[in-house]
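Here are a few exercises to work through with the model open beside you. Try each task before you read its solution.

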Amino acid sequence: GAKMIPINELQSVIYKALNDNLGIAIYDEVLESAVMPLLAIGDYTLSEYNTKHEGYEFNWKLSIYTEYEGKKEVNNLLSKTLMILKGLDSSSIDNFYIDSVWLDNANIFRNEGYYVADINMKFLIMEV
């Protein structure tokens, strides 16, 4: 039968992994007082993954902001973020497990006075 989709639990796992390993502040909602560099866990889209087991695919947007001159810091943080998130592969979350994590795309651009990396990560979770 259908089980609760562990959306908040998945977000907690993402948050904890980044907070423990990335070395910059991680936010769900960025505060006005926040200091860069930082990573914001943003919006997501969710779709059902139809196999004989219950599965769900998330396309989750994460954004890195840095005031460092040039792309060096944003590139390093992007690379490290991908490594950390890909490391969540096979983690258990409630009655599900993370079947795979991959980069859909990342868009790196310069804003006025800072760089942004918008990262669209895919997380496929499957029922145990």
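**Exercise 1: the short hairpin**

Ile93 sits across from Phe96, a residue of E5. Keep in mind that this is a predicted model.

Task: Work out how E4 and E5 pair, and how many residues lie between them.

Solution. Start with the pairing: E4 and E5 run antiparallel to each other, joined over 2 bridges. Next, look at the turn. The two strands make a hairpin with 2 residues between them. One of the turn residues, Asp94, has a positive phi of about 55°.

**Exercise 2: on to the next hairpin**

Task: Find how many bridges pair E5 with E6, and which residue in their hairpin takes a positive phi.

Solution. Count the bridges: E5 and E6 pair over 14 of them, in the antiparallel sense. For one example, take Arg110, whose bridge partner in E6 is Tyr115. Now go to the hairpin, where 2 residues separate the strands and Gly113 has a positive phi near 85°.

**Exercise 3: the whole sheet**

Task: Put the strands of the sheet in order, then say which of them stand at the edges.

Solution. Walk across the sheet and you get E1-E2-E3-E6-E5-E4, an open sheet of 6 strands with mixed pairing. Then check the ends: E1 (25-27) and E4 (92-93) each have a single partner strand, so one side of each has no neighbour in the sheet. Finally, look at E3 (residues 54-66) and E6 (residues 114-127), which pair in the antiparallel sense over 12 bridges. Across that pairing, Trp60 stands opposite Met121 in E6.

**Exercise 4: helices on the sheet**

Task: Say which strands H1 lies across and which strands H2 touches.

Solution. Begin with H1 (residues 7-21): it lies across E1, E2 (38-50), E3, E4, E5 (96-111) and E6, and runs at about 40° to E3. Then turn to H2 (residues 72-86), which packs on the sheet and touches E2, E3, E5 and E6. The direction of H2 makes about 5° with that of E6.

**Exercise 5: two faces of H1**

Task: List the buried residues of H1 and explain why they line one face of the helix.

Solution. First, the length: H1 has 15 residues and spans 21 Å from first C-alpha to last, close to the 21 Å expected at 1.5 Å a residue. Second, pick out the buried residues, which are Leu10, Gln11, Ile14, Ala17 and Leu18. Viewed down the axis of H1, these fall within an arc of 130°, so they line one face. Third, look at the face turned away from that buried side: it carries the exposed residues Asn8 and Lys16. Just past the end of H1, Gly23 has a positive phi of about 85°.

**Exercise 6: into the core**

Task: Which residues have the most contacts inside the largest nonpolar core?

Solution. The core has 31 residues, and the best connected inside it are Leu10, Ile14, Leu18, Leu39, Leu62, Leu85 and Phe123. Ask next where the core comes from: H1, E2, E3, H2, E5 and E6 each give it at least two residues. Now zoom in on Leu18. Beyond its neighbours within four places in sequence, Leu18 is in contact with Gly23, Ile26, Leu39, Leu62, Thr81, Ile84 and Leu85.

**Exercise 7: a residue in the open**

Task: Decide whether Glu48 is buried or exposed.

Solution. Locate Glu48 in strand E2. Its relative accessible area is 53%, and exposed means over 50%, so Glu48 counts as exposed. Outside its neighbours within four places in sequence, Glu48 is in contact with Gly55 and Tyr56.

Key. Residues are numbered from 1 along each chain as its sequence is written. This is a predicted model: local features need pLDDT of at least 70, side-chain atom pairs count only at pLDDT 80 or more; totals for chains, interfaces and linings use all residues. Side-chain values use heavy atoms; hydrogens and water are left out. Two strands pair if DSSP finds at least two bridges between them. Helices (H or I, at least four residues) and strands (E, at least two) are DSSP runs, numbered from the N terminus. Contact means heavy atoms within 4.5 Å. Axes are lines fitted to C-alpha atoms, for helices over the stretch in contact, and angles run from 0 to 180 degrees between N-to-C directions. The expected span of a helix is 1.5 Å times one less than its number of residues. Buried means under 20% relative accessible area, exposed over 50%, partly exposed in between (1.4 Å probe, protein chains only). The arc is that of the directions from the helix axis to the C-beta atoms. A nonpolar core is a set of buried Ala, Val, Leu, Ile, Met, Phe, Trp, Tyr and Cys residues joined through side-chain atoms within 4.5 Å.
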